[in-house]
Amino acid sequence: MPASAKLWPIVTVPIENESDVVAVRQRAHRVADMLGFERQDQTRIATAVSELARNAYGYAGGGRAEFALDAGTVPQRFAVRICDNGPGIDNLQLILDGQYRSSSGMGLGLIGARRLMDTFNIESTPGQGTIVEVGHKLPPHIAPWPRAKLTDVVSSLKKETSSDPLAALREQNRELMQNLEELRRREEESQQLNQELGDTNRGVVALYAELDGRAEQLRQASELKTRFLSNMSHEFRTPLNSVLALSRLLLDRIDGDLTAEQERQVGYIRRSAESLLDLVNDMLDLAKVEAGKAEIKPVRFAVTSLFGALRGALKPLLTSTAVELLFESPKELQPLYTDEAKVAQILRNLISNALKFTEEGEVRVTARTGENGASIIFSVRDTGIGIAPEHHERIFEEFSQVDTKLQRKVKGTGLGLPLSRSLARLLGGDLTVESNPGQGSIFSLKIPASLGEPDRETMARSTDDSKSVLLIDDDETFRYVMRQIVGNETRYEFMEADGGEEGLRLAREKKPDVIVLDLQMPAVDGFTVLQQLAADDRTNGIPVVVSTSMTIDGPLRARLPEHVRLISKNAISRESVTSFLRDAVQGVS
């Protein structure tokens with residue numbers, strides 16, 4: 001290997017007989033050791049070089065091995081060149097591709113050397129011999145060798161004499177034993193690692209099984225919570241509705257006049273009952289949305305009509321002349337086709353909150369068309385106390401409220417905004433807020449303008465006079481309320497039964513024009529009453545109004561005949577009773 005500015009020669013070993021092959025291996029091992037290679041790399045280098053030397057001797061009849069340090073690379077590289085003057089190598093590319101084997105094993109030696117070394121290059125010309133150059137980079141922790149220090153290595157090598165072949169074999173066997181010991185140790189480590197991985201896999205499997213079990217428990221708990229709230233709605237709402245109805249009877253002076261103090265006390269009772277009923281309704285609505293059981297009932301309506309209804313309903317909340325409630329909607333807004341009741345519920349919550357937290361100024365409600373006319377954006381802007389940015393998400397958490405001076409004066413449950421956002425997302429939209437302390441707030445409701453095409457509804461009405469009404473309900477208080485309301489209507493003859501069995505008997509004997517039926521009753525429940533009424537020719541034509549505090553949806557609604565009219569006990573008032581009785585006797589299903 002000729003000397004150059006970057007390639008520093010170390011030693012050259014001739015390859016003329018079998019013992020020279022051993023000597024080349026020894027020299028490669030020794031030089032690698034002196035240059036700082038680790039033992040495993042020393043063995044790799046010595047093995048690759050000895051294979052190339054064996055090829056040169058066996059295939060070409062001899063040659064030479066030149067050892068050098070390539071100082072032109074970073075890190076420096078230990079370079080070895082094996083040269084011979086043989087006939088050259090035919091089918092070189094096939095050998096390098098691993099597709100050819102010669103009888104002398106030349107191909108295996110070349111491929112093995114290429115795999116063991118970092119660099120590999122071969123030139124072979126027929127009739128002119130072969131040159132194979134291989135190299136291995138010095139370990140990164142080895143400092144670059146200066147040429148003067150390398151001269152000491154060269155001098156040391158010249159003083160060393162080549163050992164006999166038996167010594168070389170013993171050294172080679174020792175290296176093999178060390179390699180076998182290293183392989184055995186690594187195999188033990190591999191087995192231990194496999195065992196640890198197996199234990200980990202079993203742990204992961206167990207963890208997944210536990211997570212699946214917990215997920216199933218959570219699902220069952222969620223269903224149980226929803227079922228509990230749905231069932232308890234009857235227990236909560238029935239007494240509350242009774243309190244509201246009785247207080248309304250008192251305020252309407254049906255049983256006589258009230259003193260000013262009595263009227264004030266009854267008013268307190270009614271407002272407290274209304275607040276508690278609002279809380280119950282919000283809890284139940286939120287539970288239904290979370291459980292995915294809330295139904296969407298889209299209808300076509302105009303924004304101006306919606307704003308008109310909200311203006312009338314929320315006007316009583318204006319308790320201060322310092323605050324003005326304004327509604328603005330462009331006349332060119334197209335009618336919407338979505339769940340009007342849920343949109344109105346969201347806006348009522350937003351406007352009610354705005355009025356509570358605005359001491360002076362205005363609450364402005366606006367509507368505008370979104371991008372491409374596919375959505376509509378309602379905004380409720382106030383000049384109230386505002387909300388700090390760090391609390392913007394907190395106010396949408398259940399039962400969470402921001403502690404402010406005004407908040408302590410205003411009573412609330414912390415359910416209005418979480419429910420409103422849940423309803424907005426149920427309608428395919430979202431509810432967002434922009435606010436800063438002292439600068440008011442803007443709540444924006446963005447929903448699709450249409451949830452599909454509206455169904456055509458046909459309704460037929462007829463009129464009649466002097467009708468009889470049969471109420472079947474086990475709740476004495478509710479029967480009393482209905483008796484007071486219906487009994488004062490001269491058009492109706494009122495009958496009542498405190499259970500399903502008595503109700504069926506009266507229905508067959510009296511054949512009333514309309515039956516008002518509760519579903520949850522002891523002994524014979526409302527579903528059984530409906531079945532027996534339908535199965536009897538004497539009663540199967542009587543219109544039935546189901547009046548209940550239960551949440552009627554999903555499988556429960558499927559159990560009711562299609563012609564049965566539903567009315568919630570939450571909506572019971574003189575006006576609502578008169579309305580649903582009139583519709584029922586006129587044949588509205």
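In the hairpin of β4 and β5, three residues lie between the strands, and glycine 127 adopts a positive phi near 80 degrees. Strands and helices here are DSSP runs numbered from the N terminus (strands: E, at least two residues; helices: H or I, at least four residues). The model is a predicted one, in which local features need pLDDT of at least 70 and side-chain atom pairs count only at pLDDT 80 or more, while totals for chains, interfaces and linings use all residues. Residues are numbered from 1 along each chain as its sequence is written, and side-chain values use heavy atoms, with hydrogens and water left out.

To return to the hairpin, strand β4 (residues 119-125) and strand β5 (residues 129-137) run antiparallel and are joined by seven bridges. Two strands count as paired if DSSP finds at least two bridges between them. Threonine 119 has glycine 135 in β5 as its bridge partner.

A second set of strands builds an open sheet: five of them, with mixed pairing, follow the order β7-β9-β10-β12-β11. The edges are held by β7 (323-328) and β11 (430-435), each with a single partner strand, so one side of each has no neighbour in the sheet. On average, neighbouring strands of this sheet are turned by 15 degrees against each other, direction ignored. At one edge, β7 pairs with strand β9 (residues 361-369) in the parallel sense over six bridges. Here leucine 325 stands opposite valine 363 in β9.

Helices accompany this sheet. Helix α9 (residues 340-356) lies across β7, β9, β10 (375-382), β11 and β12 (441-448), and runs at about 20 degrees to β10. Helix α11 (residues 416-426) also packs on the sheet, where α11 touches β11 and β12 and makes about 130 degrees with the direction of β11. Contact means heavy atoms within 4.5 Å, and angles run from 0 to 180 degrees between N-to-C directions, with axes fitted to C-alpha atoms, for helices over the stretch in contact.

The two helices α9 and α11 pack together at an angle of about 150 degrees, their axes 9 Å apart. This makes α9 roughly antiparallel to α11 (angles over 145 degrees count as roughly antiparallel, under 35 as roughly parallel, 65 to 115 as roughly perpendicular and the rest as oblique). Their crossing is left-handed; that is, the near helix is turned anticlockwise from the far one by less than a right angle, whereas clockwise would be right-handed. Among the residues that meet are Ile346 and Leu350 in α9 and Leu419 and Leu423 in α11.

Nearer the start of the chain, α1 and helix α5 (residues 147-159) pack at about 145 degrees with axes 11 Å apart, and the crossing is right-handed. The contact includes Arg27, Val31 and Met34 of α1, together with Leu150 and Val153 of α5. Helix α1 is linked to α2 as well, through a salt bridge between the side chains of arginine 54 and glutamate 18 (2.9 Å, N to O). Arginine 54 lies in helix α2 (residues 39-60) and glutamate 18 in helix α1 (residues 18-35), so the pair ties together parts 36 residues apart in sequence. The whole structure has 23 salt bridges, each a side-chain nitrogen of Lys or Arg within 4 Å of a carboxyl oxygen of Asp or Glu.

Finally, the axes of helix α13 (residues 500-510) and helix α14 (residues 526-535) come within 10 Å and cross at roughly 25 degrees. That makes α13 roughly parallel to α14.
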